[in-house]
Amino acid sequence: MCGIVGYIGKEQAAPILIEGLSRLEYRGYDSAGVAVFDAESGSLAVHKAKGRLQVLSEQLHGGADLDSTVGVGHTRWATHGAPSDINSHPQMSRSGKIAVVHNGIIENYTELKGFLQSKGVPFVSETDTEVVAQLIEYFYDGDLLQAVGRVLRRIQGAYALGILCADCPDRIVSVRKDSPLILGWGEGCNFIASDVTAILRHTRRVSYMEDGELAVLTREGIRCYNHLMQPIDKDVVTIDWEMDAAEKGGYEHFMFKEIMEQPEALRRCLSPRIRNGEAVFEDFSLSEDYVKTMNRIYIVACGSSYHVGMVGKYHLERLTRIPVEVALGSEFRYMDPIVDEHTLVIVISQSGETLDTMAALREARRLGGHILSIVNVVGSSIARESDQVLYTWAGPEIAVATTKAYTTQLALLSLLALFLAKRLGTVPEGDFQAMLAAFKELPDKMEEVLSRRDDIQYFASQYFHHNSIFFIGRNLDYALGLEGSLKLKEISYIHSEAYASGELKHGTISLIEDGTLVVALSTCDKLFAKAMSNVVEVKARGASVLALTVESRKEEMSHIADAVMTIPDIHDLLLPTLGVIPLQLFAYYVALMRGCDIDKPRNLAKSVTVE
Ligand code: F6R
């Protein structure tokens with residue numbers, strides 16, 4: 001929800017913090033701030049501004065105005081207290097001695113605030129974070145680490161914290177529980193950050209903090225402690241992707257860049273897993289016997305990752321004949337799910353940090369399920385808490401609206417369905433080989449769709465003024481419609497809904513009137529005739545229909561739809577992975593034509609680490 005960065009070294013801290021924050025803005029962008037130790041006055045200097053990071057950066061001339069070699073910075077997505085200068089982080093203790101940046105939510109902050117107020121501590125902001133700063137000062141008697149330890153025993157909720165104290169300007173203290181935080185190991189300098197991208201310009205050597213851990217950063221090194229304050233050693237991993245992967249590289253928007261990167265991302269994700277006529281999952285650790293005794297599969301995820309699960313259900317049930325339930329991360333915990341040791345729980349998450357998904361994972365584990373996660377961010381919390389992880393290898397995804405993570409998740413889940421079917425003996429060898437061949441064709445076919453993006457841009461120019469758009473489809477096309485509709489609404493702010501076509505006549509059709517735009521998805525051959533009937537049905541009520549179908553059906557569809565987008569014919573298993581491309585492009589161009597802030601849509605953040 002928010003982005004944290006901290007630096008201690010020999011260079012000027014503020015420009016490093018501001019540059020680092022610019023890479024974390026996808027996590028929140030309603031206000032930003034930095035706190036640095038000002039050696040001349042011997043106190044902390046704090047600067048905060050409501051609005052995009054650019055506002056703060058301009059005020060501080062990119063950080064050049066501040067003379068200091070240690071500091072923490074924050075980019076905020078408001079939860080407690082509206083976006084304002086006062087509510088921005090860093091939050092300070094009453095004397096200005098302690099500065100805190102925080103990602104997460106302190107659940108018992110009202111109670112703690114009441115306690116501090118009863119002791120005469122005044123509060124200036126509406127944030128839960130100020131309670132942490134004030135509480136540290138309340139317990140502080142010259143030993144910062146001990147004061148932080150006492151605070152941690154009292155606060156409840158999720159937090160990643162970066163803490164500066166004016167009395168000990170040679171250190172930053174950081175803490176993590178249920179919110180991501182990494183440590184960066186440099187030469188004569190060290191870092192904290194919510195995400196690797198913030199510090200990759202300075203170091204590739206990072207450690208992932210675990211829940212309950214503390215770290216004390218100095219210029220010379222980083223000391224880490226477990227929740228009992230016992231010193232621990234942390235593994236240091238080397239990040240092997242290039243900074244370019246997290247930069248726009250000449251594209252106007254990250255979202256467009258990431259749409260265009262999909263064929264390559266799929267090659268990275270799939271090619272090591274398809275070898276010698278087999279689906280190969282070296283990272284798959286379930287025994288043959290376990291697979292044979294699996295009685296149920298749950299897929300748990302949020303947002304677009306949930307939509308991947310919706311497609312996955314069709315594939316897994318069809319191929320393995322094992323019943324599959326798809327649950328929203330936010331619902332799973334409260335639905336009394338039927339999970340036992342024979343249940344495979346597939347957790348899907350790009351960020352690997354989504355709090356609802358993480359909570360569902362823990363609940364599934366508590367009930368005895370085996371947790372297999374499909375994750376993009378290496379070393380993320382969900383990846384680390386799973387029994388096994390399949391990484392999508394999509395590379396860093398910066399735009400808030402997911403694109404390449406969605407397609408890689410979907411392709412990987414589809415390949416997993418095929419792999420399980422082979423192990424269970426529920427797919428004939430000929431069909432298996434046909435499907436495997438389709439995976440190999442997928443990246444090239446995707447390139448073909450992308451090369452025809454001008455057609456989609458033209459359709460967007462015809463329809464971008466609509467204020468309400470319906471997506472309809474059956475079976476796989478319904479699941480695809482959910483994603484197409486979400487993509488459109490989240491970045492263009494057009495009201496949009498997705499319906500299973502067969503449901504139209506049960507109520508929704510009353511909303512169709514002259515000129516209503518209906519995006520009719522009809523890629524599945526076996527349901528083409530039924531899809532045509534639904535198009536006729538909405539046309540009869542005055543709808544304009546923009547259809548999506550496969551090339552071999554274009555002509556037929558052109559007779560009734562007003563406009564037709566196409567994808568190359570491909571095996572059913574991969575239709576949604578290919579079919580989503582025109583829908584992503586359509587959403588992108590529509591948002592562009594409406595002048596929307598595509599990479600940072602209002603009210604949204606990339607990583608949702610609060611409930
Ligand atoms: C939509 C989008 C979100 C995410 C959702 C889950 O474009 O990106 O709906 O899919 O917030 O995020 P992850 O996959 O990181 O758990």
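Me: How many aromatic pairs does a search of the whole structure find?

Reply: The search finds 13 aromatic pairs. Keep in mind that this is a predicted model.

Me: Why is the pair of Phe 256 and Tyr 589 called tilted?

Reply: The ring centres are 6.3 Å apart, and rings pair if their centres lie within 6.5 Å. The planes stand at 55°. Planes under 30 degrees apart count as stacked and those over 60 as edge-to-face. The angle of 55° fits neither, so the pair is tilted.

Me: What parts does the pair of Phe 256 and Tyr 589 tie together?

Reply: Phe 256 lies in helix α6 (residues 254-260) and Tyr 589 in helix α19 (residues 575-593). The pair therefore ties together parts that are 333 residues apart in sequence. Phe 256 and Tyr 589 are both buried.

Me: Why is the pair of Phe 470 and Tyr 499 called tilted?

Reply: The centres lie 6.3 Å apart and the planes stand at 35°. Stacked needs an angle under 30 degrees, and edge-to-face one over 60. Neither holds at 35°, so this pair is tilted. Phe 470 sits in strand β23 (residues 468-473) and Tyr 499 in strand β24 (residues 495-500), so the pair ties together parts 29 residues apart in sequence.

Me: Are Phe 470 and Tyr 499 buried or exposed?

Reply: Phe 470 has 3% relative accessibility. Buried means under 20%, so Phe 470 counts as buried. Tyr 499 has a relative accessible area of 21%. Partly exposed lies between 20% and 50%, so Tyr 499 is partly exposed.

Me: Which residues form one aromatic cluster with Phe 256?

Reply: Tyr 251, Tyr 588 and Tyr 589 form one aromatic cluster with Phe 256.

Me: How do you know that a charge sits over the ring of Tyr 493?

Reply: The charged end of Arg 602 is 3.8 Å from the centre of that ring. The distance cut-off is 6 Å, and the charge must also be within 35 degrees of the ring normal. The charged end of Arg 602 is listed as sitting over the ring of Tyr 493. Likewise, the charged end of Lys 422 sits over the ring of Phe 432, 4.2 Å from its centre.

Me: What makes the phi of Tyr 493 worth a look?

Reply: Most residues other than glycine have a negative phi. Tyr 493 is not a glycine, yet its phi is positive, about 65°. Tyr 493 lies in the loop between α16 (476-492) and β24. Its relative accessible area of 28% is between 20% and 50%, so Tyr 493 is partly exposed.

Me: Why is Asp 336 called exposed?

Reply: Asp 336 has 69% relative accessibility. Exposed means over 50%, so Asp 336 counts as exposed. Asp 336 also has a positive phi, about 50°, although it is not a glycine. Its place is the loop between α10 (329-332) and β20 (343-349).

Me: What makes the bond between His 89 and Pro 90 cis?

Reply: Omega is about 0° for the peptide bond that joins His 89 and Pro 90. Pro 90 lies in the loop between β4 (70-76) and β5 (91-92).

Me: How do you know that Cys 189 is in no disulfide?

Reply: A search of the whole structure finds zero disulfides. The nearest cysteine sulfur to that of Cys 189 belongs to Cys 224, 16 Å away. A disulfide needs two sulfur atoms within 2.5 Å, so Cys 189 has no partner. Cys 189 has a relative accessible area of 10%, under 20%, so Cys 189 is buried.

Me: Why are strands β12 and β13 said to pair?

Reply: Pairing needs at least two bridges. β12 and β13 (residues 222-225) have four, in the antiparallel sense. One bridge links Leu 217 to Ile 222. A hairpin of four residues joins the two strands. Strand β8 (residues 172-177) also pairs with β12 in the antiparallel sense over four bridges.

Me: Which residues lie nearest the centre of the largest pocket?

Reply: They are Tyr 208, Trp 241, Asn 376, Val 377 and Val 378. The lining of this pocket has 43 residues. The pocket holds about 1,000 Å³ of space.

Notes: Residues numbered from 1 in each chain as written. Predicted model: local features only at pLDDT ≥ 70, side-chain atom pairs only at ≥ 80, totals over all residues. Heavy atoms only, no water. Buried < 20%, exposed > 50% of the residue type's maximum accessible area, 1.4 Å probe, protein only. Phe/Tyr/Trp six-rings, centres within 6.5 Å; stacked < 30°, edge-to-face > 60°. 1 Å grid on protein atoms, 1.4 Å probe; cavity = no way out; pocket = protein on both sides within 12 Å on 5 of 7 lines; lining within 4 Å. Points joined across faces, edges and corners; volume = space filled by probe spheres on them.
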